[in-house]
Each structure stands twice: as C-alpha cells, then as structure tokens.
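This report introduces a structure to a reader who has not met it before. Please look through the sequence and the view below, and then follow the text alongside them.

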Amino acid sequence: MKKVIVSAPGKLMLFGEHAVVYGRPCLVTAVSQRMRATIDLLDEPVFQLNAPDVHITNYQKAMSQVGKGGIPRGAKFVEIAVANFYSSSEAKRSREVQNDNSSRQARTIKSNQGIKVTTSSEFSSQFGFGSSSAVTVCVLKSLSELLGIHLSNKELFKLAYKTVLDVQKKGSGFDVAAAIYGGTLYFVKAGKIIEPLQINGLPLIVGYSGSKADTVTLMQQVSEKAKKDSKAIENIYSEIGRLVTLAKIALLEKDWETVGELMNKNQEYLNALGVGSPKLNAMIAASLSEGAFGAKLSGAGGGDCMIALCPVKNKQKIAKAIEKAGGEIINVQINAEGVKLET
Ligand code: PMV
C-alpha cells in the first residue's frame, strides 16, 4: 500500500502580530523544527489518526463520517483538513473532467479505501511555533501527493487557511504561509501578499515562557478591547503596520540596531493591546539589560515565546539572563525550507 511522508516548518512571528488580523502586514520566519505527517492508503474505508504530541492515539472513524460529529480537540485540524481536501478535490476533478481529460492521470479516491495519518513534531505544541497550521499543511500536501491530485502553493494555502478558519474562526493565515513557503515572509492577511525576503544572519535568541498561549482567547480579548475604544486600537494597529514596513527595510539592510528599536516599539504596542505578560516582560527586560538590540513577544502573547535580537558577543550573557528570568532557551534556525516531500 502506498505511503507518503511530508514535513513542514514551524514559525516565529517577527513583527506585526494582532494588527495583521486587521489588515496590516506582518513579518514571519519559518523555523528549523519541523512537523511531519505520514499518510498510508488503507484497503478499508476508515480514517485513522495517531498524533501522540497532542495525545491522540488510535482515533478512528468511517471515512464517510470524516469532518462530521464530535471531533476531539487534538484531531480537529487533521480531520477537517482531510474533509476539506476530499470535498475540494472532488470539485476540482469534476471541473477538470468538464474541461479536458487531464484528471485521468489523477488516481481516484475509491469508496472502499481509507487513510491512516500519523503525525510527529520536532517541537512541543506548547511553544506557539504554529503546530496546528504546520500539521494542516502537511496533511493536505501528503493527500495531494498520495492521490496524485496536484495542488499549487496558492491552492494549498487556500485549503489550509480555510481549514484553520473552520476550526478557530479567526486568524490571518501567516502561519500557514510560513509552513508552505518557508523562509522569511512579508505577509498580508489571507495571503493577499506573500513576499519572500532574503534575510540572512539575523542574530535571534528565542526564550519560551513556560506556558501556552491560547491564540483564539487572546484574539478575542483584543477584539473586546477594540469594541470599547475602537479609535485607539485602530490607531495602534496602524502604528504596528508602519513599524512592519520600517522593519522590513531595516532587516533587508541588516541594520540590527534599527530592527531592535522597532522590536521594542512593537512590544510597547503589544502591551498597550493587553497581550504582554509579567513573565514575558521580565524575560524581555532581562535580555535588554544585557545588551540586546531589542526584544518582543512573538505570536499571540500571554505566554509562548519571546525573541531578542542580540549582538553576537552578548549572546551567552543574554541567554543566561533570560534563563534567570525563568525562561527556557529554544535553539532554532530561522529561514527554514517550506513544506516538502520526505519520500
Ligand atoms: O499564537 P500564534 O503564534 O499562532 O500567533 C498569533 C498571531 C495573531 O496575529 C494574533 C493571529 C494571526 O492569525 O495572525
């Protein structure tokens, strides 16, 4: 029976979180820790899932029930991705049949077949490295490979972003873009702009705060705040958007001092949105006191990770200071390769 393995990178938000949900741009980089999905074609019409990282073992249901009924939390992104793939590939194939005969090359999804999905991650789902988006991208890509139904990166983005919105209702799609395209991207919501940037040698340190941020809850909190004072919050989003444009230029010029200043400014705005946390702020302050160019939280806030941009000579000292403030240093390389076939 046929088997396909696909991997996709995790991500770190460099600039622009939250404001990106409201139409401003952001900067995201793909990280070297990867998510992996293995898909086996089965001879019976069942869907099986093993995702030990999110405590799903031997989850199983009839193929005809995929995407329907109660779905355990840890299985949601994978199962909805499978359901979306099957409905969209049916639509795509019937369009192709009408247009020409190219679909004859695509293997049909036979009603007596099923799939077994196994996922594994090189990073903890607690870090906020975008495990849900990465797994969604892996599953869609591996199904397209398994069944010989070609998906362009644009089509893959559309399906993966739809899956993320189906599950969590809100989000910009920046993490989906990082998982697909890799590298460092200038990104506008829903993939309106996905611009790869050549940024090398960014001296970043990543510190994990020890607690998981709930992205949906934090987005909700920010939107509640905006309801009370929409003018002030809109103003913050616009200021963040302006910082992102400046940061893009400074990053391309390798002007780390300016990038650091812009990170600090971005962090002030994130605190004004109410998504900072005492722990993250302590880790950020510790890195700055040991000479970081700048530091900020990365992602939704409230927990997950902070990033600090460091002069190479101060890296050790800064890492120690972050640990002293209660953080855990995560070793990552940025600019990682996007989704790829492993077999
Ligand atoms: O929590 P994370 O790492 O997935 O980051 C969320 C970033 C937001 O801008 C708050 C949401 C989004 O989808 O852009």
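In this predicted model, the ligand is surrounded by 13 residues, among which Lys-11, His-18, Val-20, Ser-172 and Thr-215 come nearest. Sorted by class, the shell around the ligand is made up of five nonpolar, six polar and two charged residues.

Some of the surroundings can be described at the level of single atoms, and the table sets out polar contacts that involve an oxygen atom of the ligand.

| Residue | Atom on the protein side | Distance to an oxygen atom of the ligand |
|---|---|---|
| His-18 | backbone N or O atom | 2.8 Å |
| Ser-172 | polar side-chain atom | 2.6 Å |
| Ala-300 | polar backbone atom | 3.3 Å |

The ligand, when taken alone, exposes 380 Å², and the protein buries 95% of that area. The space that the ligand takes is the largest pocket.

How is the protein chain divided? The protein chain falls into domain 1, which covers 3–197 + 335–341, and domain 2, which covers 204–330. The contact between them takes 26 residues from domain 1 and 36 residues from domain 2, while the centres of domain 1 and domain 2, taken over C-alpha atoms, are separated by 28 Å.

From which domains does the shell around the ligand draw its residues? At least three residues of that shell come from each of domain 1 and domain 2, and the ligand that they surround occupies the largest pocket, with 95% of the 380 Å² that the ligand exposes when taken alone being buried by the protein.

Conventions: Residues numbered from 1 in each chain as written. Predicted model: local features only at pLDDT ≥ 70, side-chain atom pairs only at ≥ 80, totals over all residues. Heavy atoms only, no water. Near = heavy atom within 4 Å. Polar contact = N/O pair within 3.5 Å; in protein donor to acceptor, adjacent residues only side chain to side chain. Areas by Shrake-Rupley, 256 points an atom, 1.4 Å probe, with all protein chains shown as cover. 1 Å grid on protein atoms, 1.4 Å probe; cavity = no way out; pocket = protein on both sides within 12 Å on 5 of 7 lines; lining within 4 Å. Sits in = over half its atoms within 2 Å of the grid points. Nonpolar A, V, L, I, M, F, W, Y, C, P; charged D, E, K, R; others polar. Domains from an automatic or database assignment. Contact = heavy atoms within 4.5 Å.
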